[in-house]
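Good morning, and thank you for making time for this short presentation. I should like to take you through one structure, moving from its internal spaces to its strands and then to a few individual residues.

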Amino acid sequence: MGLNFRLTIVYLSLALLLIQGCSVTSWTVVDDGATDTSDFEIIDTRYYLEEGNNVSPEQPVINFKIKAVNYYEYTQRVKAERYIQQYRPRLGYVMLGAAAAGISYYAAFSDQLLSEPTNPQRYALVGAGTMLTGLSFLNMKPIDEPSPTGESKLLRRTGTIVDADTSDARPYDESIQPMMSINYGDTVLTRNEARSFNNGSISINLADEIDASIFPENPSDSIFIEIRYDSLTTSKEVQVSSVFEQFVIVDAQITALRNEPEIDNNNVLTDLAAGSQLEFLEKVGDWYKVLYGLSETWVSANDVRTVWRPSAFASDLSVITIPNVPFGSVDVEQNIPEILQVNRNSTAVIISNSQYEGDYTERIYGDRDAELMEAYFTQALGVRQSNMLKAIDINSMLDLNRTYSRLANNIQDSLHSAAIYINGYAEIEDSTVFLIGSNLGREINKLNLNTYFSQLAELDLHSLTIIADLDFIENQSYEGVLIRLADSVISNNINSAVLFSSQPGQRSGIYSSSFGDQNRHSIFTYFLADALKQNKLLVRELFDHLERNVSFTSRSIYDLPQTPLLFGNPEIELLR
């Protein structure tokens, strides 16, 4: 075998070694205090109560669980992990070793030297070359970082460590019952009521435990729940809105449901009767946004009250609607008879205040009452349109005095007759009757009716009839006040009469009921028109019809008294 061939074999072997390198495994200490989870003992156990969930109106159930904290003592040991390290020969050292080995091999096997080496010499040279090559590979360098094998072992003990673990627990004393107390502010709702565990948990449905009617519109306090078991105590504070939802209930006889938060006859969707219930969304100024079906709508805050109820209440809401129909749909608005011929010596005045906001609720059918009376004055009683004087939603004594001036200017002679119809809210202060001015977008003013009546008494008229549909908002009776008001007129004119819709302290009710007639007028004005439709012009006949029907209807619908009053001459005829 030639020298070149042998050298080739040697160098190929060296190249293979350079490419492959080698790997070494070793155990390395990584932790002097590793926890031995298999070597432990329980040294203590403590119990406590925990509130385990959030409360919402859809899920008003609060849970309290009994929990156990176990304290374990674990042994600590030295922890070692096994790693693999890759090595590769250093190229410089390998090349030097290879060069020295090449020289040795050349000397051992060359036949071109001056004296050919003996066999022992050859063996020595080959051995030296091989040793130099091997030594060059012992000086290797590591490749990258050591790689863990995932193997580990715990060695000698170094100490102990205490750790705690929390878990669900069951009652440790079956003879003791958990006790529950619920407070709202300073009000005790439930005190020391016995409860029971169910698999270590106490479930309390707050919507069932608490009467939601106790909460005001804007609760200032929270609901406080306390649970005690043996010596364990825990508590939870929740907002009222986390347990209950707000709804509105209509208190007014009738209120308009609108698509915008403003008083406008064109934005009324329907009318709601007293007792209607709707889901509350938010309050904006003097309006409540409510949910009607799937639509966001508005009602006047003065006509409703808010209540707190469980979420399930929404599925049983009672909405009592009175459809909004145009004028001419009610029986007294139809087929108005022509009782009197058109007469230049008759004048009618309508003073109607129905648009209110803020502290006063809208008088829902006040404008319709005014339209009804105008129809009867002009179509049934012969008042010319030029003599039909109207003052709608007035707010000052100046506005009221203008109606007097216009009436005075219309009087041609002492043969003139006048009828005055007034509707709106009224108050009594210091024995004086005031008509509350319409305050839509304005300050509230009170219009002195005693002064106005005294002005009317000065007119030289053949007959004067005043019809006052006054809604007294104060629940207080004032004896003799209306007598004195009427007397300022009837004492100066024997052919005068004053009709009042009710006594002081009584409301002038609306003649609409979800369970009966829906006549969309005040009870008093409806039956006044009904009497005129029957050709009753004599004041006595008018009053008899009102007296028979108004009080009975008010009792039937609202179970409230409403007693019409008449002062003056009952034998005169309206506008004659």
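**Spaces, strands and selected residues**

I begin with the lining of the largest cavity, whose residues divide into 3 nonpolar, 4 polar and 1 charged. Please bear in mind throughout that this is a predicted model.

Which residues make up that lining? They are Gln253, Arg507, Gly509, Ser554, Tyr558, Leu560, Pro561 and Gln562. The space in this largest cavity is about 30 Å³, and the structure holds 1 cavity of 30 Å³ or more.

Let me turn from the cavity to the pockets. The largest pocket holds about 310 Å³ of space. Its lining consists of 18 residues, and those nearest the centre are Ala252, Thr361, Tyr425, Asp471 and Arg507. You will recognise Arg507, which also lines the largest cavity. By class, the lining of the largest pocket comprises 8 nonpolar, 3 polar and 7 charged residues.

The second largest pocket contains about 230 Å³ of space. There are 14 residues in its lining, with Asn265, Asn324, Ile364, Asp367 and Arg368 nearest the centre. Two or more lining residues come from each of β11, residues 268-273, and α5, residues 366-380. Which element gives the largest share of this lining? That element is α5, with 3 residues. The lining of the second largest pocket divides into 6 nonpolar, 2 polar and 6 charged residues.

I now move to the strands. An open sheet is formed by 4 strands, arranged in the order β5-β4-β7-β8, with antiparallel pairing. Why do β5 and β8 each have one side without a neighbour in the sheet? Strands β5, at 187-194, and β8, at 232-238, stand at the edges and each has a single partner strand, so one side of each is left unpaired within the sheet. From one strand to the next, the twist averages 10°.

Consider the β5 end of that order. Strand β4, residues 179-184, is joined to β5 by 5 bridges, and the two run antiparallel. Within this pairing, Asn183 is placed opposite Val188 of β5. Tyr184 also belongs to strand β4. With a relative accessible area of 9%, Tyr184 is buried, because the cut-off for that term is under 20%. Tyr184 and Ile210 are 26 residues apart along the chain, and their C-alpha atoms are separated by 9.7 Å.

At the β8 end, strand β7, residues 223-229, pairs with β8 in the antiparallel sense through 7 bridges. Here Ile227 is set opposite Thr234 of β8. How many residues lie between β7 and β8 in their hairpin? There are 2, and Asp230 in the turn has a positive phi of about 55°.

Another strand deserves a brief mention. Lys67 sits in β2, which covers residues 61-89. Is Lys67 buried or exposed? Lys67 is buried, at a relative accessible area of 12%. In sequence, Lys67 and Arg170 are 103 residues apart, yet in space they are 7.8 Å apart, C-alpha to C-alpha.

Next, a helix. In α7, residues 449-457, 7 of the 9 residues are buried, and the helix is therefore mostly covered. The buried residues are Leu449, Asn450, Tyr452, Phe453, Gln455, Leu456 and Ala457. One of these, Asn450, takes part in a contact at the start of the helix: a side-chain oxygen of Asn448 comes to within 2.9 Å of the backbone nitrogen of Asn450.

My last residue is in a loop. Ser501 is found between β23, at 496-500, and β24, at 510-512. Its relative accessibility is 1%, so Ser501 counts as buried. What does the side chain of Ser501 reach? It reaches the backbone nitrogen of Leu470, at 3.1 Å.

To close, I return to three points. Arg507 is among the residues lining the largest cavity, and Arg507 is also among those nearest the centre of the largest pocket. The open sheet runs in the order β5-β4-β7-β8. Finally, Lys67 in β2, Tyr184 in β4 and Ser501 in its loop are each buried. Thank you for your attention.

Definitions and conventions
Residues are numbered from 1 along each chain as its sequence is written. This is a predicted model: local features need pLDDT of at least 70, side-chain atom pairs count only at pLDDT 80 or more; totals for chains, interfaces and linings use all residues. Side-chain values use heavy atoms; hydrogens and water are left out. On a 1 Å grid over the protein atoms alone, a cavity is a set of points where a 1.4 Å probe fits but cannot get out, and a pocket is an open set with protein on both sides within 12 Å along at least five of seven lines; lining residues have an atom within 4 Å of a point. Grid points are joined across faces, edges and corners, and a volume is the space filled by probe spheres set on the points. Ala, Val, Leu, Ile, Met, Phe, Trp, Tyr, Cys and Pro count as nonpolar, Asp, Glu, Lys and Arg as charged, and the others, Gly among them, as polar. Two strands pair if DSSP finds at least two bridges between them. Axes are lines fitted to C-alpha atoms, for helices over the stretch in contact, and angles run from 0 to 180 degrees between N-to-C directions. Buried means under 20% relative accessible area, exposed over 50%, partly exposed in between (1.4 Å probe, protein chains only). A polar contact is a pair of N or O atoms within 3.5 Å; within protein, one must be able to donate a hydrogen and the other to accept it, and residues adjacent in sequence count only if both atoms are side-chain atoms.
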